[in-house]
Each structure stands twice: as structure tokens, then as C-alpha cells.
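Colleague: I am new to this structure and would like to learn how to read the surroundings of a ligand. Could we go through them step by step?

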Amino acid sequence: MSAIETVFANARNATLWAGPLIPGFQAAETCMPIISPIDNQTIGQLVAGSDRDVNAAVIAARNCFESGEWSGLPPAERKRILLVWVDLMAKHADELAALDCVDAGKPITECLNTDIPATIETFQWYAEAVDKCFGRISPTGSDALGLITKEAIGVVGAVLPWNFPAQMYAWKVAPALAAGNSVIVKPAELTSLSAYLLTQLAHQAGVPAGALTLVTGTGEATGEPLGRHPDVDMVSFTGSTEVGRLFLKYSAESNLKEIVLECGGKSPQIIFEDANIEKLIPHVLAAAYWNMGENCSCGGRLLVQESVKTAVLAGLKEGLKHWKTGLPTDTDTMIGPMVEEAHFLKVRQFLDDTLAAGATVVHGGKVHSELGSGWYIEPTIFDGVTPEMRLFQEEVFGPIMAITTFNTEEEAIQLANQSQYGLASSLYTSCLHRAQRVARRIKAGTVSINGFSEGDITAPFGGYKHSGFGGRDKGMEAFDQYTQTKVIWFVNN
Ligand code: NAD
């Protein structure tokens, strides 16, 4: 049986399991069911952790950090161990892909071709980068020598969302651990399986058990105690803006730990009449529907110049013929289920509310109740969406695109920025001057020209406004959030 078949078989037999990975700690008996969004079946058990787990993880992490067992290793030695881990991930790639598929409902082909390769690449990139970071020397006179150094922060909590379970784990854990911190991972309770396997593989590779711990359970039972713990030095959070606010409160009410927030978005895609419509269609569709729209950078707000709307719409409908809604275990599926019933109901409500608000469905709009769990929503396009509508303002996290038209460049910029969020954006034009003129005025952390992209691992990713602040994931910038600056000042007297 292949690794994928084994995971799928175990999921059918409800034998998957995940729980805390903390040295010397016994998991509590209390478990919660792991339910697959594919068919609403229980596929295993997740240990429902508590503040007891968090406290044990913090003690282990702190002891490890202060002992220097990981933090004190030369960066080249941390690199060596991380690269052993990378090799193990590559050996288990199919299994990791299958776990994200059954846990999150992500299409297996995406997991195999995008999520897991990107996860492995992230670890490799930070492992290889960490022994190439240098400090600086202050420009003093000969009476002093100032060394400006970066050092690990200490005990870092990584709180993760459910939409890219393995990849979000990598974006946080790879730079934080490479920099020498002790990291406590708190995966989303809906999707903890790949985080559990990744952490087990880390320990096999030689990452000390206290340098990388895992707590499982709900946000209230484990996320909050982590956010409030007096001996946690920072929390790097990816998730909703609403919960991001709570982490600021936890910090303010405890030890003023550093908080980095990577939150939601409502990203615009602007199509100008001088754009190459044929070429942009696959990008626009990927931006809106990739990962079922359960994507922080989802480009669900399509702003189209009135003169090309008919042509764009025709292209989108043609392109969507290739977007099959189906079981994520089928290799040709591009749209799987919503991650859980509550989320499915929330997304479905957007369909009803947008119709009631007066917009028109020009493609899709159907729920596939005959498929598996029934939480499958086909890619949908609404035309005639205006800025007051919920669909224009709120993050859907589902496969629904809103079309709004404009006539002038100035109007397009105003519409693009008419949002509390500022994570990502795309603009399509064949005019170089317009591209850079507009890009400079869009209030978002990433502006892609003639395509949809979050940039690769070399480029920092993060948001403006309610999409977050405090640091960036990816790129060398990610090291900044997991290190602090120290000056060592030699006085020559
Ligand atoms: P969420 O905010 O519900 O949960 C995120 C994490 O916080 C989970 O681990 C959860 O258990 C924990 N949590 C929930 N309630 C908590 C509480 N009261 N106290 C402490 N912790 C708590 O987010 P989600 O639904 O898992 O993920 C979707 C959101 O994540 C979307 O808004 C999406 O845009 C965002 N996201 C952002 C990025 C980015 O890079 N900016 C990437 C992926 C997802």
C-alpha cells in the first residue's frame, strides 16, 4: 500500500491520532473527534489540550533555550540538523499530503504539487540561510567598538490557521527554529495531523524535544493560555483578525510579549482595458478559487473596467469549465469541500445575502449536497456588487468572486483601497507606467502585476491595516520577527 493509500485507509478506519509532543509529559485522556470535511466522518482523535499542556511545553521550551542545547549551537550545526529533517519530510511527502487532504479537504493534487513541496522548500531555505546572516559594526571612532548583533528571542508560540496546515507550520517554525528559538506549535484544532507528523520527524532528525514542542486543542483551551503565559517571549499568529485582536489583549494583560499578526484579507484584482485578457484569466481564477477561496490572499474582489467586462466574463466562464468541484481525493478535483459545517454555512449565507442585496449570479451559485459531506460550493461569480455589500467588504473564505466595474484609473484605486484589509492585490495592464503608478497607491503588502502571486520564499509576505503587523513571514525579513537586536559596546580606555 502506498503512503497515500495508507493514510486514506486509516482515515476510513478512524485510526488517525494527534496529541501533544512535550518531553516527559503524559497526554490527557480527553479527546475530540477529528472529522474529515470530505464526508463528515470521524477519522481519528485529537487530544484536547489545556493550560496544563501549555505550561509543560513552556517549561520544556524555556529549559531547552537556557541550556543552549539548541539556541547555543553554531548556526551551521542547526542547519545540518534542519537539513536532515528536510530529507525526512521528502521521504514522507506523500503521507503529509494525504494528511492535509483528509484533514482540511484540500485537493490531493494541490497538496502533492504545491503545499508539501513548498513546506519542504521553506525549511531548506531557512536552514541554508541561517549560517549566512552577519551582524554589523557600528561606525565609531577608535575609542570604541560597537557590535550590532541579532539573537534569538527565546520561547516562541506559533499559532496556526487551518487553511494551509503544513505550509503555515513551515512559514513560522522554519525561521523561528533556525534562528535558535524554542518553538511551541499550536496548530488549528481542525487540522493538526500534518503538524504532528512534521514535529515527530523533527525529533527524529535531531531537533531537541524541548526546542520544538506541540500542543493540540481548541483556541480557548490552548491558544489563550499560550498568549497569556508569562514565560512566553513572543507569539507569531496567523488567523482571523478577530482572534488576532485577542492576542494583543492577552499580551497587554500578561507580560507584553511580542505579537506578530498575519490576519485576513479581501484582496482586489484590478483589470484595466489595456490588459491581455486571454492571459489574465487563469491568474484571476487562481486568485479567487485556489484552495476553494480558503486563502488569506484570495482575490475575490474583481474590479473590471466597464469597457472590457463582457470579454472578461466570457473568459472567466470558459476558464471555469476546467475547475471541477469534487471529492479532494480525486486527482482532477480543483474545488473540494469547505473545511467544516459551520464554515460551510457561513459561506453559503454569503450566497443568500448577496442575492438579497441585489447582485446577480452570473456563474455557479450551487451547493453540491450530493457530494460527500455536502459542504461543497461550486465556484461562483456575482456581478453588480457595490461597495456597501457584505461581499465587497467581508472576508468570505470561500469560492465566491464579486465583480464591480469602474471607468477611470482613479476610481479603480479608490475601490481597491475601500477595505479594512490590505494583504494582497493584483493588477492587470499592458502599460508599464500605469502598473507602477497604481501599484504605488495600493495599500497592500503585496501587489502582483499581470498575475496572482504571494511571491516565492525569497519575498516577505504580510499585510497592511487589519491584515496584520509586527513582522513578515517568508524572506530574510522573517528572521527579523524571531530575533532581537543587541549592541555590545567595547570602550577602549
Ligand atoms: P482563527 O483565527 O479562527 O484561528 C487561528 C488560530 O487561533 C487557531 O489555531 C485557533 O485554535 C486559535 N484560536 C481561536 N480562537 C482563539 C482564542 N480565543 N484564543 C487563542 N487562540 C485562538 O483562524 P482560522 O479560521 O483558523 O484561519 C482562517 C483565517 O486565517 C482567515 O482570516 C485567513 O485570512 C487567515 N490567514 C492569514 C494568513 C496570512 O498570512 N495573513 C494566512 C493564512 C490564513
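Modeller: Let us begin with the terms: helices and strands are DSSP runs, numbered from the N terminus. In this predicted model, helix 8 (219-228), strand 9 (234-238) and helix 9 (241-253) each give at least two residues to the shell around the ligand.

Colleague: Which helix supplies the largest share of that shell?

Modeller: Helix 9 does, with four residues. Read by domain, the shell takes at least three residues from domain 1 (3-263 + 468-488) and at least three from domain 2 (268-457).

Colleague: How many residues of each class does the shell have?

Modeller: There are 17 nonpolar, seven polar and five charged residues. Of the 29 residues around the ligand, those that come nearest are Leu160, Lys186, Glu189, Ser240 and Glu395.

Colleague: Which polar contacts should I look at?

Modeller: A polar contact is a pair of N or O atoms within 3.5 Å. Here a side-chain N or O atom of glutamate 395 is 2.6 Å from an oxygen atom of the ligand, while a backbone N or O atom of glycine 219 lies 3.4 Å from a ligand oxygen, and a polar backbone atom of glycine 239 is likewise 3.4 Å from an oxygen atom of the ligand. Taken alone the ligand exposes 850 Å², of which the protein buries 91%.

Colleague: Where does the ligand sit?

Modeller: The space that the ligand takes is the largest pocket.

Terms used
Residues numbered from 1 in each chain as written. Predicted model: local features only at pLDDT ≥ 70, side-chain atom pairs only at ≥ 80, totals over all residues. Heavy atoms only, no water. Near = heavy atom within 4 Å. Polar contact = N/O pair within 3.5 Å; in protein donor to acceptor, adjacent residues only side chain to side chain. Areas by Shrake-Rupley, 256 points an atom, 1.4 Å probe, with all protein chains shown as cover. 1 Å grid on protein atoms, 1.4 Å probe; cavity = no way out; pocket = protein on both sides within 12 Å on 5 of 7 lines; lining within 4 Å. Sits in = over half its atoms within 2 Å of the grid points. Nonpolar A, V, L, I, M, F, W, Y, C, P; charged D, E, K, R; others polar. Domains from an automatic or database assignment.
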